[in-house]
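Ready for some practice at reading a protein model? Grab a pencil, open the viewer and work through the exercises below.

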Amino acid sequence: MYKIPIYLILISHTFLNALSIDEMVDKALLNNNKLKQLSLDIQQSKKSKEAIKAKNFGRFDFVASYDHYNNARTLSPLTPMEIASTPTGSYEIATTNDLYAGGISYNIILFDGFSRQNEYKISDIAHNNSMLKIKLAKEELIYNVKSLYVALLSLNEQLTSQRMNTESQTNLYKKVLQEYKLGSKSKLDILKSKNSYQESKSNEDKIQANIE
């Protein structure tokens with residue numbers, strides 16, 4: 001059961017006449033916190049689905065390293081024959097105390113026992129489930145708002161009629177009181193008229209309570 005926004009519960013007769021049922025539904029869909037949460041769930045499941053799919057394209061990694069040596073090091077392994085063949089011996093060999101290295105690697109899994117395929121299927125089911133949840137939530141909310149709207153219209157009509165009846169009973173009670181003073185009505189007539197007035201007012205209060 002999804003909660004109706006509080007403003008729908010406090011609708012007056014004037015407010016109902018000012019807004020159509022479609023406008024009321026639009027307001028409910030726009031302001032319902034449950035639908036907002038479900039929308040976030042859909043976005044999250046969609047991103048998760050895209051992230052799993054992206055794994056099929058592999059991954060680029062940037063690698064870099066730095067080493068500092070107290071003694072100079074050659075930039076590549078050398079054999080004694082290479083050193084001996086150099087005209088001036090080891091003095092011609094390029095060396096360094098600070099060695100930097102960098103590069104780019106590309107990694108892709110060729111086969112993982114269909115693990116990624118199953119993972120993608122699960123994420124796809126989760127995404128579809130999120131879509132179904134928000135669809136059902138919207139349909140339930142629309143049904144609740146329309147039912148409430150129609151019920152409130154009916155209650156407002158009843159309230160208007162009951163207020164007219166209460167007013168009529170009040171006027172009748174006042175008239176009976178006047179006639180009692182003139183001697184044309186008895187105390188029993190006053191009690192009957194008063195009971196009718198009070199019963200009408202009680203029904204009016206009940207309808208108002210139902211609206212609230």
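A quick definition before we start: a residue is buried when its relative accessible area is under 20%, exposed when it is over 50%, and partly exposed in between. Keep in mind that this is a predicted model.

**Exercise 1.** Classify tyrosine 173 and tyrosine 197 as buried, partly exposed or exposed.

*Solution.*
- Step 1: Tyrosine 173 has a relative accessibility of 19%, so it counts as buried.
- Step 2: Tyrosine 197 comes out at 26%, so it counts as partly exposed.

**Exercise 2.** Work out how the rings of tyrosine 173 and tyrosine 197 are arranged, and where in the chain the two residues sit.

*Solution.*
- Step 1: Check the distance. Ring centres have to lie within 6.5 Å to pair, and here they are 6.2 Å apart.
- Step 2: Check the angle. Planes under 30 degrees apart count as stacked; these two are at 10 degrees, so the pair is stacked.
- Step 3: Find the helices. Tyrosine 173 belongs to helix α6 and tyrosine 197 to helix α7 (residues 187-211), so-called distant parts of the chain, 24 residues apart.
- Step 4: Count up. The chain has one aromatic pair by this rule.

**Exercise 3.** Describe the surroundings of glutamine 169, and decide whether this residue is buried or exposed.

*Solution.*
- Step 1: Locate glutamine 169: look in helix α6, which covers residues 115-182.
- Step 2: With a relative accessible area of 17%, glutamine 169 is buried.
- Step 3: Leave out residues up to four places away in sequence, and glutamine 169 touches Ser193, Ser196, Tyr197 and Ser200.

**Exercise 4.** Find out which helices build the largest nonpolar core.

*Solution.*
- Step 1: This core has 12 residues in all, including Leu19, Met24, Leu38, Ile134 and Tyr149.
- Step 2: At least two core residues come from each of α3 (21-31), α4 (33-54) and α6.
- Step 3: Helix α6 gives the largest share, five residues.
- Step 4: Another core, of five residues, lies apart from this one; Leu152, Leu155, Leu159 and Ile211 are among them.

**Exercise 5.** Now head to the outside: is phenylalanine 60 buried or exposed, and which patch does Phe60 help form?

*Solution.*
- Step 1: Phenylalanine 60 is part of strand β1 (residues 59-74).
- Step 2: Its relative accessibility is 57%, so phenylalanine 60 counts as exposed.
- Step 3: Together with Phe62 and Ile104, Phe60 makes a nonpolar surface patch with about 410 Å² of accessible area.

Notes
Residues numbered from 1 in each chain as written. Predicted model: local features only at pLDDT ≥ 70, side-chain atom pairs only at ≥ 80, totals over all residues. Heavy atoms only, no water. Helix = DSSP H or I, 4+ residues; strand = E, 2+ residues; numbered from the N terminus. Buried < 20%, exposed > 50% of the residue type's maximum accessible area, 1.4 Å probe, protein only. Contact = heavy atoms within 4.5 Å. Core = buried A, V, L, I, M, F, W, Y, C linked by side-chain atoms within 4.5 Å. Patch = residues over 30% accessible without salt bridge, like charges linked within 9 Å, V, L, I, M, F, W, Y side chains within 5 Å. Areas by Shrake-Rupley, 256 points an atom, 1.4 Å probe, with all protein chains shown as cover. Salt bridge = Lys/Arg side-chain N within 4 Å of Asp/Glu carboxyl O. Phe/Tyr/Trp six-rings, centres within 6.5 Å; stacked < 30°, edge-to-face > 60°.
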